[in-house]
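Got the viewer open? Let's take a short walk through the pockets, one selection at a time.

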Amino acid sequence: MIKAKNIYKSFGELEVLSGLSFEVQQGEVISIIGPSGSGKSTLLRSLIGLEKIDSGELYIEGVSVKESGKKAYEKMGMVFQGFNLFPHKTVMDNLIEAPIVVKGEKKAKVKKRAVKLLKKVGLYDKKDSYPVQLSGGQKQRVAIARALAMEPDIMLFDEPTSSLDPELVGEVLTVIRDLAAENITMLVVTHEMGFARDVSDRVIFMDHGEIVSDTIPEKIFVSPESERIQSFLTKILSQNDSSH
Amino acid sequence: MFDYIINVSGYILEGSLITFQLYLVTAIFSVILGIAGALGKISKIPLLESILSFYTWIFRGTPLLLQLFFAYYGLPVLGITLEPFPAAALTFIVNYGAYFTEIFRGGIESIDEGQYEAAKVLGMNYKQTMSRIIIPQTVKRVLPATSNEAINLVKDSALVAVIGLGDLLRAAKVAVTRDFSIIPFIIAAVFYLVISSVIVTVFRKLEKKYSVYE
């Protein structure tokens, strides 16, 4: 589904991705964890073309990004930390805009799909609201539905709950959990360790632009081999305790 | 007295026809020029940015009256002779276009980077992103500044009297001189106030309409 080989990326002097390689299979749910500044978000953004990689090879569903450019990205949807809903459009219009404009689909057909998606994320009654009228959790659920409206094969989540108040995290994670059960391929950059442990097929631990570990959740959470992982987990778990 | 007011009002109203025409032509084309200029300024094409910066520097940094004189009295020296109305319209369009370029550029740049990224990951190209996501949001943000310019334009339009264009103000002045009465000036002032008030009302309605989403 995704194949990354030796990905490098620098911002000026600062190298943020230092030769990453990994593969993602159809239907896999992968959590990407690690300290701030470890390159998690940059990796995700590189996969969908928001950042241009300096070198390395990237294949999406067997298609090289280098050769086909934008076409390769069409298979992916992305959910941002800051939601990035279109504030001048209603919830419904946020969902149907891209399928109509980009894919040229018929409005009636897209609307039907949008209704289903809004019901799925529990926000059908908000279809005529503007984003400003929604809570953070609701905004993020709309953003997920908007990405799904394009019918992507792969969903990327960039810290989807990091800007939410603690009591709103649950509703968003529930939606993502439900998606995981539906066999959609997903990459989730997250600080929610409980989510990473319970939902992922694999967990990638990144530090200083490198993949330190890429394995099943148990290996990371139950018996972490690397000291870097141990110290990260100790730190983040104590943070979570004190914030709750 | 009443008859005189009606009479002079009719005369000034005729003059205001030119004012309206100039207003309409300037409003339409300077906004178009402003949008194009703003898009050029954010295009990240260095040459285009430099040319546009030079353009806004000149036209925002010199008096409109000087520009008007230049178009009407100056260009003929260079072999380009314009009738009063085209000279006035050209000057106003280019002058207001410079202001709108800066207003719209500021508006576009105030839109969060995340909006571009959201549009991009949904597969939208530059044109779709600008026309459907960025510019509609910009409209709301530039409305207050645009409203100011729209009112300035009403008043600035009176400048064309100096190149002999028979506008609202010139008609009033002719009547004042002819009848040795101050009433035409008062009538002209009322006309300007009415036009300005209509514009203020229109913009207030627009701002209200756009406030639903913020």
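**First stop: the largest pocket**

Start with chain B and select helix H4 (84-109), helix H5 (113-121) and helix H6 (126-156): each of these gives at least two residues to the lining of the largest pocket. Keep in mind that you're looking at a predicted model.

Now colour H5(B), since that's the helix with the largest share of this lining, at 5 residues. To find the middle of the pocket, show B:Lys44, B:Glu113, B:Tyr116, B:Tyr126 and B:Met130 as sticks; of the 19 lining residues, these lie nearest the centre. The space they surround has a volume of about 480 Å³.

What classes of residue make up the lining of the largest pocket? Colour by class and you'll get 9 nonpolar, 4 polar and 6 charged residues.

**Next stop: the second largest pocket**

Clear your selection and pick B:Val31, B:Ile35, B:Phe104, B:Val142 and B:Thr146. They lie nearest the centre of the second largest pocket, which is lined by 22 residues. Then add the helices around them: helix H1 (2-41), H4, H6 and helix H8 (183-210) of chain B are the elements that give two or more residues to this lining.

Which helix supplies the largest share of the lining here? Highlight H6(B), which brings 9 residues. This pocket has a volume of about 410 Å³.

Finish by colouring this lining by class too: 18 residues are nonpolar, 3 are polar and 1 is charged. For a last look, show H4 and H6 of chain B again, as they appear in the lining of the largest pocket and in that of the second largest pocket.

Terms used: Residues are numbered from 1 along each chain as its sequence is written. Chains are lettered from A and ligands numbered from 1 in the order in which they are written. This is a predicted model: local features need pLDDT of at least 70, side-chain atom pairs count only at pLDDT 80 or more; totals for chains, interfaces and linings use all residues. Side-chain values use heavy atoms; hydrogens and water are left out. On a 1 Å grid over the protein atoms alone, a cavity is a set of points where a 1.4 Å probe fits but cannot get out, and a pocket is an open set with protein on both sides within 12 Å along at least five of seven lines; lining residues have an atom within 4 Å of a point. Grid points are joined across faces, edges and corners, and a volume is the space filled by probe spheres set on the points. Helices (H or I, at least four residues) and strands (E, at least two) are DSSP runs, numbered from the N terminus. Ala, Val, Leu, Ile, Met, Phe, Trp, Tyr, Cys and Pro count as nonpolar, Asp, Glu, Lys and Arg as charged, and the others, Gly among them, as polar.
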